[in-house]
Amino acid sequence: MPELKANEIEHLVRAAIEARDQAYAPHSHFYVGAALLIASGEIVAGCNVENASYSLSLCAERGAVVTAVAQGHRKWRGIAIASVGGVSPCGACRQFLAEFGLDLPVIMVDVIDGSRRVRQLAQLLPDAFDGSSLPIHD
Ligand SMILES: O=c1ccn([C@H]2C[C@H](O)[C@@H](CO)O2)c(=O)[nH]1
Ligand SMILES: [Zn+2]
């Protein structure tokens, strides 16, 4: 797994916890923040944004990825996800993240006690579909 320094992890975890403060989750009341450590050292964050039409709700992880890409970033070295319980990313977010590389440290943070679990994205999404079988791909 690509190494993250202890201070980079702390920075990323703090950013995910802060991003969670912006979560818009009036339907589930489950608030999530996510933060990406961009290769350049910048941090780009996102939060979940729910909708009355429930299935349109967007997870924090995909929000962070969309924001990063819109800002011109396609390479990041880690993601932290902050929630009560330190939940794992959903399947849709695992696939969405996989588009940009499976060798990604995923840090799951429980905002209640500050505990963390770290997994590589490849562990969370074994045997991933990566688009290389598509007839036309980059
Ligand atoms: O890793 C996760 C898990 C859930 N959610 C959001 C989606 C929905 O708004 C709420 C409840 O599932 O939490 C995330 O943003 N990230
Ligand atoms: Zn998700």
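Two strands are said to pair if DSSP finds at least two bridges between them. With that idea in hand, the predicted model shown above can be read from its sheet outwards. Its 5 strands form an open sheet in the order 2-1-3-4-5, and the pairing is mixed. Strand 2 (43–47) and strand 5 (116–120) are the edge strands, each pairing on one side only. On average, and with direction ignored, neighbouring strands of this sheet are turned by 20 degrees against each other.

It helps to walk through the sheet pair by pair. Strands of a sheet pair through backbone hydrogen bonds, in either a parallel or an antiparallel way. Strand 1 and strand 2 are joined in the antiparallel sense over 5 bridges, and here Leu37 stands opposite Ile43 of strand 2. Helix 1 (residues 6–20) packs on the sheet and touches strand 1, strand 2, strand 3, strand 4 and strand 5. The direction of helix 1 makes about 145 degrees with that of strand 1.

Strand 1 (residues 33–38) also pairs with strand 3, again in the antiparallel sense, through 6 bridges. Within this pair, Ala35 has Ala80 of strand 3 as its bridge partner. Strand 3 and strand 4 (residues 105–110), by contrast, run parallel and are joined by 5 bridges; one bridge partnership links Ser83 with Asp110 in strand 4. Between these two strands the chain passes from strand 3 through helix 3 (residues 91–98) to strand 4, a β-α-β crossover that is right-handed.

How enclosed is strand 3 by the rest of the structure? Of the 8 residues of strand 3 (residues 76–83), 7 are buried, so this strand is largely enclosed by the rest of the structure. As a general point, the side chains of a regular strand alternate between the two faces of the sheet.

One residue outside the sheet deserves a closer look. In UniProt, an unreviewed entry lists Glu61 under "active site". This residue, Glu61, is found in helix 2 (residues 60–70). Is Glu61 buried or exposed? A residue is buried if 20 or more other C-beta atoms lie within 10 Å of its own; Glu61 has 28 C-beta neighbours inside 10 Å and therefore counts as buried. Leaving aside neighbours within four places in sequence, Glu61 is in contact with Ala34, Gly46, Ile79, Ile81, Pro89, Cys93 and Leu97.

Conventions: Residues numbered from 1 in each chain as written. Chains lettered and ligands numbered in written order. Predicted model: local features only at pLDDT ≥ 70, side-chain atom pairs only at ≥ 80, totals over all residues. Buried ≥ 20, exposed ≤ 12 C-beta atoms within 10 Å, placed from the backbone. Helix = DSSP H or I, 4+ residues; strand = E, 2+ residues; numbered from the N terminus. Right-handed = clockwise from strand over helix to strand, strands pointing away. UniProt positions renumbered as here; feature names shortened; annotations may be inferred. Contact = placed C-beta atoms within 7 Å. Axes fitted to C-alpha atoms, helices over the stretch in contact; angles between N-to-C directions.
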